[in-house]
Amino acid sequence: QVLLVESGGGLVQAGGSLRLSCAAPGSTFSSYTMGWFRQAPGKERDFVAAISWSGSLTYYGDSVKGRFTVSRDNAKNTVYLQMNSLKLEDTAVYYCAAGTEYISLSGTYTDTGRYDYWGQGTQVTVSS
């Protein structure tokens with residue numbers, strides 16, 4: 001079992017920045033592909049970004065490319081999502097997820113069903 005705890009969400013004006021963190025205390029964190037997803041009210045949970053166990057491979061959804069950056073610190077069992085140039089449409093609950101490295105190798109990192117563990121989510125609200 002892997003416990004994931006997100007933090008860093010909040011209210012920010014359009015054009016601003018936030019950094020989300022996802023901690024996985026006491027786990028074999030470094031062996032997992034980590035993903036970020038988001039879900040707005042009434043919508044499906046969408047892929048945002050993913051990072052391989054080593055951090056050497058990163059993937060992004062089309063809507064966040066060039067604005068968001070995913071990174072990880074395996075020594076701290078933490079993955080980050082740096083969000084810049086935030087837009088109103090980025091408003092959602094953001095979730096981190098952990099899955100086997102096969103997710104990264106197989107290219108299935110956008111599939112929510114491939115991830116084994118999920119955090120509780122953190123709200124990000126972008127205002128005009």
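**Figure 1. The exposed surface and overall build of the protein.** In this predicted model, the protein exposes about 6200 Å², and carbon and sulfur atoms supply 48% of that area. Of its 128 residues, 47% count as buried. The C-alpha trace spans about 40 × 25 × 25 Å along its principal axes. A compact globule with 128 residues would have a radius of gyration near 14 Å, so the 13 Å of the protein agrees with that expectation. For those who like to think in electrostatics, the mean positions of the 10 positive and 10 negative charges are 5 Å apart.

**Figure 2. The order of strands and helix.** Here you can trace 11 strands and one helix. Following the sequence, the pattern reads β-β-β-β-β-β-β-β-β-α-β-β. How much of the contact set joins residues at least 24 apart in sequence? Among contacts between residues at least 6 apart, the share is 59%.

**Figure 3. The largest nonpolar core.** This core has 29 residues, and Leu4, Met34, Trp36, Leu81, Met83 and Tyr94 have the most contacts inside it. Strands that each supply at least two of its residues include E3 (18-23), E4 (32-39), E5 (46-51) and E7 (68-73). Strands E8 (78-83), E9 (92-100) and E11 (122-127) also supply at least two each. Which strand gives the most to this core? That is E9, with four residues.

**Figure 4. Met34 and its neighbours.** Leaving aside residues up to four places away in sequence, Met34 touches Leu4, Cys22, Phe29, Ala49, Ala50 and Ile51, among others. The remaining partners of Met34 are Arg72, Val79, Ala97, Ala98 and Tyr115.

**Figure 5. A second, separate core.** Apart from the largest core, the protein holds another one of eight residues. Among its members are Tyr59, Ile103, Tyr109 and Tyr115.

**Figure 6. Ser7 in strand E1.** Strand E1 covers residues 5-7 and holds Ser7. Ser7 counts as partly exposed because its relative accessibility is 38%, between the 20% and 50% limits. Beyond residues up to four places away in sequence, Ser7 touches Arg19, Leu20, Ser21 and Thr122. Look for Gly121 as well: Ser7 and Gly121 are 114 residues apart in sequence, with their C-alpha atoms 8.2 Å apart in space.

**Figure 7. Gln13 in strand E2.** Gln13 is found in strand E2, residues 10-13. Is Gln13 buried or exposed? With a relative accessibility of 56%, Gln13 counts as exposed. Val126, Ser127 and Ser128 are the residues Gln13 touches, not counting those up to four places away in sequence. Gln13 and Thr112 are 99 residues apart in sequence, and their C-alpha atoms are 29 Å apart in space.

**Figure 8. Two loop residues with positive phi.** As background for this view, most residues other than glycine have a negative phi. Asn77 is found in the loop between E7 and E8, and its phi is near 55°, a positive value in a residue other than glycine. Asn77 is buried because its relative accessible area, 16%, is under the 20% limit. Ser85, in turn, belongs to the loop between E8 and E9. Although Ser85 is not a glycine, its phi is positive, about 50°. The relative accessible area of Ser85 is 42%, so this residue is partly exposed.

Note on methods
Residues are numbered from 1 along each chain as its sequence is written. This is a predicted model: local features need pLDDT of at least 70, side-chain atom pairs count only at pLDDT 80 or more; totals for chains, interfaces and linings use all residues. Side-chain values use heavy atoms; hydrogens and water are left out. The radius of gyration is taken over C-alpha atoms; the globule rule is 2.2 Å times the number of residues to the power 0.38. Buried means under 20% relative accessible area, exposed over 50%, partly exposed in between (1.4 Å probe, protein chains only). Contact means heavy atoms within 4.5 Å. Accessible areas come from the Shrake-Rupley method with a 1.4 Å probe; for residues, only the protein chains shown count as cover. Lys and Arg count as positive and Asp and Glu as negative; His and the chain ends are not counted. The place of a charge is taken as NZ of Lys, CZ of Arg, CG of Asp or CD of Glu. A nonpolar core is a set of buried Ala, Val, Leu, Ile, Met, Phe, Trp, Tyr and Cys residues joined through side-chain atoms within 4.5 Å.
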